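Trainee: Could you take me through one part of this model at close range? I'd like to look at the strand in the middle of things and what surrounds it.

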Amino acid sequence: MFKLSQMSKERLETCDERLITIVSDVLKVMDITVLCGHRGKEEQEKAFSEGKSRAHFGQSYHNAAPSLAVDIAPYPVNWDVKDPRWNIMCDLVLYIAKRYGIKVKLGRDFTNLKDYPHIEIG
């Protein structure tokens with residue numbers, strides 16, 4: 001089993017228990033890092049202004065407390081989405097979520113802005 005860094009643990013702890021369960025099970029199979037859990041107003045507006053989010057504060061699942069979204073990535077991170085680990089991770093998330101009866105939406109499946117790290121309760 002792989003282990004999260006302290007920073008990843010802190011980010012994950014800001015998330016809904018269902019996301020914590022899914023991410024914890026993904027970690028049993030592959031090494032990942034948690035990029036983002038809850039986003040406050042300043043962080044959300046920065047993500048919006050940098051084009052990393054299409055939502056202003058209050059419009060993102062990341063803004064709920066606890067967060068209804070988490071961003072994770074295979075570790076070590078390779079931002080080339082052609083790296084097969086991205087799809088392996090996303091498929092694993094779907095499998096685990098289904099096993100627990102948790103409905104999720106993946107940013108990988110968004111039509112306008114593909115967001116491979118993004119997982120939201122849905």
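Mentor: Happily; here is a walk through strand S2, its sheet and the parts around them.

A word on the ground rules. This is a predicted model, in which local features need pLDDT of at least 70 and side-chain atom pairs count only at pLDDT 80 or more, while totals for chains, interfaces and linings use all residues. Residues are numbered from 1 along each chain as its sequence is written, and side-chain values use heavy atoms, with hydrogens and water left out.

Let's begin with the sheet. Helices (H or I, at least four residues) and strands (E, at least two) are DSSP runs, numbered from the N terminus. Four strands make an open sheet, ordered S1-S2-S4-S3, with antiparallel pairing. Two strands count as paired if DSSP finds at least two bridges between them. S1 and S3 stand at the edges with a single partner strand each, so one side of each has no neighbour in the sheet. From one strand to the next, the twist averages 30 degrees. For such angles, axes are lines fitted to C-alpha atoms, for helices over the stretch in contact, and angles run from 0 to 180 degrees between N-to-C directions.

Now to S2 (69–74). On one side, S2 is joined to S1 by four bridges, and the two run antiparallel. S2 also pairs with S4, in the antiparallel sense, over three bridges. Helix H4 packs on this sheet, touching S1, S2, S3 and S4, and its direction makes about 135 degrees with that of S2. Contact here means heavy atoms within 4.5 Å.

How covered is S2? Six of its six residues are buried, so S2 is largely enclosed by the rest of the structure. Buried means under 20% relative accessible area, exposed over 50%, and partly exposed in between (1.4 Å probe, protein chains only). In a regular strand the side chains alternate between the two faces of the sheet. In S2, Ala69, Asp71 and Ala73 are buried on one side, and Val70, Ile72 and Pro74 are buried on the other. The neighbouring S1 is mostly covered too, with four of its five residues buried.

Asp71 is the residue to zoom in on. Asp71 sits in S2 and is buried, with a relative accessible area of 7%. Its bridge partners lie in both neighbouring strands: Cys36 is paired with Asp71, and His118 of S4 is the bridge partner of Asp71. The Asp71 side chain makes polar contacts with the side chains of Arg39 (3.4 Å) and His118 (3.2 Å). A polar contact is a pair of N or O atoms within 3.5 Å; within protein, one must be able to donate a hydrogen and the other to accept it, and residues adjacent in sequence count only if both atoms are side-chain atoms. Leaving aside neighbours within four places in sequence, the contacts of Asp71 include Thr33, Val34, Leu35, His62, Pro117 and Ile119.

Asp71 also leads us to the largest pocket, which has a volume of about 620 Å³. Of its 27 lining residues, the closest to the centre are Arg39, Lys52, Ser53, Asp71 and Asp115. S1, helix H3 (41–49) and S4 each supply at least two residues of that lining, and H3 gives the most, with three. On a 1 Å grid over the protein atoms alone, a pocket is an open set of points where a 1.4 Å probe fits, with protein on both sides within 12 Å along at least five of seven lines; lining residues have an atom within 4 Å of a point. Grid points are joined across faces, edges and corners, and a volume is the space filled by probe spheres set on the points.

Finally, S2 helps to cover a helix. The buried residues of helix H2 (residues 17–27) are Leu19, Ile20, Ile22, Val23, Asp25, Val26 and Leu27. Their cover includes S2 along with H1, S1, H4, S3 and S4. At the N-terminal end of H2, Asp16 acts as a cap, with a side-chain oxygen 2.8 Å from the backbone nitrogen of Arg18. Over in S3, Val104 is buried, with a relative accessible area of 16%, and its contacts include Ile22, Leu94 and Ile119.
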